[in-house]
Amino acid sequence: MGFSFLPVMEYLSRRAFHAAGLCPHTVTLPRDPGEGSGATTIHYWAPPGEPRLPPLLLIHGFGPMATWQWRLQVGPFSRRFHVVVPDLLCFGGSSPCPSSPPPSESAQAAALAALLAALPGLPATARVAVVGTSYGGFVAYSLARAAGPARVGPVVISNSDLLMTAEDDRAFLERAGGEWASAADLLMPLDARTARRLMELSFYRKQVTSMLPDFLIREGVQKLFSDKREEKIELMKAIIIGTDEFQLTPLEQDVLLIWGDHDQIFPLDKAFAVKRCLGENVRLEIFKETGHVPQMEDPDRFNEVVLDFLLASQKSPNQHDQ
């Protein structure tokens, strides 16, 4: 049997989650009256038992596995918060009702709101802090806007272009080299060359995995990105950000906007435009020498900045407290 880096990465990620006191759970959400057969299920990681600390929801982006994307955060964050890390619908162990249309980010947000309502021991009046990265930032914004400040407290949005347009998609493909017909072809690679290009676009620093032999990278990405591939392609088509039906409006909550200064997926100039649209309660933190995933490239600073923001928001007087 040949060597594969996937089991190693999965082991490291799961070890980090277990060390933080998080366990895997699955919940079946109540079915809407208009839905047909089947049910929506959400897989998530959280500590066992009722929350003893303030709740914090970590929402992953359009990459492989929530555990990979948040493995460097769950340890520090779990010391101060009851951390909940779900798989979004069409990712990992979470699936929408088979009769439902592909979930938009607002549908993802509705599923997460239902998950929060189903968490054991979490009061309906509890305010939940939310952190979302990339596509997860789209969902975090939708959840914060729909649920309102009485349910969703401070919001952290990392490297999420909430003003994305079809022209931005075309510009992204041009930055990638103009060889790919769609963003889905690049964001869900099935060959080593595309995977290497995606890593170059996502990270500022060269990744060890990009230096692996082609056959190992190819084996890895085919396992990672073949899972629910058609569902994820439809999910991309269902994104409403950038369409006429979406309008970016300010949030009432305190917002921390994080951006890597070398992000080649959502370039830094979009951070300033997003900040202007989100309202007066927004603070922008630019991470130097990082790309699209600062939580992975500069985890120490990311964790410090986010924790400082969330803890300060807890201590400050809040007009929404009952």
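In these close-ups, two residues are in contact when they have heavy atoms within 4.5 Å of each other. Keep in mind that this is a predicted model.

**View 1. Helix α8 is tucked in among other helices.**
Let's start with helix α8, which covers residues 192–202. Eight of its 11 residues are buried, so α8 is largely enclosed by the rest of the structure. Look for Ala192, Thr194, Ala195 and Arg197, followed by Leu198, Met199, Leu201 and Ser202, to find the buried ones. What do these buried residues pack against? Their partners are α6, α7 (183–187), α9 (214–226) and α12 (294–297).

**View 2. Phe172 sits in helix α6.**
Now move to α6, made of residues 166–176, and find Phe172 in it. Is Phe172 buried or exposed? Its relative accessibility is 4%, and buried means under 20%, so Phe172 counts as buried. Setting aside neighbours within four places in sequence, Phe172 is in contact with Ala183, Leu186, Leu187, Leu201, Gln264 and Ile265. Leu201 is also one of the buried residues of α8 from the previous view. Pro267 is worth finding too: it is 95 residues away from Phe172 along the sequence, yet their C-alpha atoms are 9.1 Å apart in space.

**View 3. Eight strands make an open sheet.**
Follow the strands across and you'll read β1-β2-β4-β3-β5-β6-β7-β8, with mixed pairing. Which strands are at the edges? They are β1 (23–28) and β8 (282–287), and each of them pairs on one side only. From one strand to the next, the twist averages 20°. Helix α5 (residues 135–147) packs on this sheet and touches β3 (55–59), β5 (128–133) and β6 (152–158). The direction of α5 makes about 150° with that of β5.

**View 4. Strand pairs in the sheet can run antiparallel or parallel.**
Take β2 (residues 41–46) and β4 (residues 82–86) to begin with: they run antiparallel and are joined by two bridges. Trp45 has Val85 in β4 as its bridge partner. Over at β5 and β6, the pairing is parallel, with five bridges. There you can spot Gly132 opposite Ile157 in β6. Strand β6 is mostly covered, with seven of its seven residues buried.

**View 5. The largest nonpolar core has 74 residues.**
Nonpolar side chains tend to be buried together in soluble globular proteins. In this core, the residues with the most contacts inside it are Tyr135, Leu162 and Leu278. Which element gives the most to this core? That's α5, with seven residues. Zoom in on Tyr135 and, leaving out residues up to four places away in sequence, you'll find a long list of contacts, including His60, Phe62, Leu88, Phe91, Pro103, Gln108, Leu235 and Ile239. Apart from this core lies another, of 26 residues, among them Ala20, Trp70, Leu310 and Leu311.

**View 6. Helix α13 has buried residues along it.**
Helix α13 runs over residues 299–315. Leu310 and Leu311 turn up again here as buried residues, along with others such as Pro299, Phe302, Val306 and Phe309. Why is a span of 24 Å no surprise for this helix? With 17 residues at 1.5 Å a residue, α13 should span 24 Å, and its end C-alpha atoms are indeed 24 Å apart.

**View 7. Ser134 and Lys228 both have a positive phi.**
Most residues other than glycine have a negative phi. Ser134, in the loop between β5 and α5, has a phi near 55°. Lys228 has a phi of about 55°, and its place is the loop between α9 and α10 (229–237). Ser134 counts as buried because its relative accessibility is 12%; Lys228 is buried too, with a relative accessible area of 17%.

**View 8. Ser94 touches Lys228.**
You'll find Ser94 in the loop between β4 and α4 (105–118). How accessible is Ser94? The value is 0%, so Ser94 counts as buried. Besides Lys228, Ser94 touches Thr41, Ile42, His43, Asp87, Leu88 and Leu89, if you skip residues up to four places away in sequence.

Methods: Residues numbered from 1 in each chain as written. Predicted model: local features only at pLDDT ≥ 70, side-chain atom pairs only at ≥ 80, totals over all residues. Heavy atoms only, no water. Helix = DSSP H or I, 4+ residues; strand = E, 2+ residues; numbered from the N terminus. Expected span 1.5 Å × (residues − 1). Buried < 20%, exposed > 50% of the residue type's maximum accessible area, 1.4 Å probe, protein only. Pairing = 2+ DSSP bridges. Axes fitted to C-alpha atoms, helices over the stretch in contact; angles between N-to-C directions. Core = buried A, V, L, I, M, F, W, Y, C linked by side-chain atoms within 4.5 Å.
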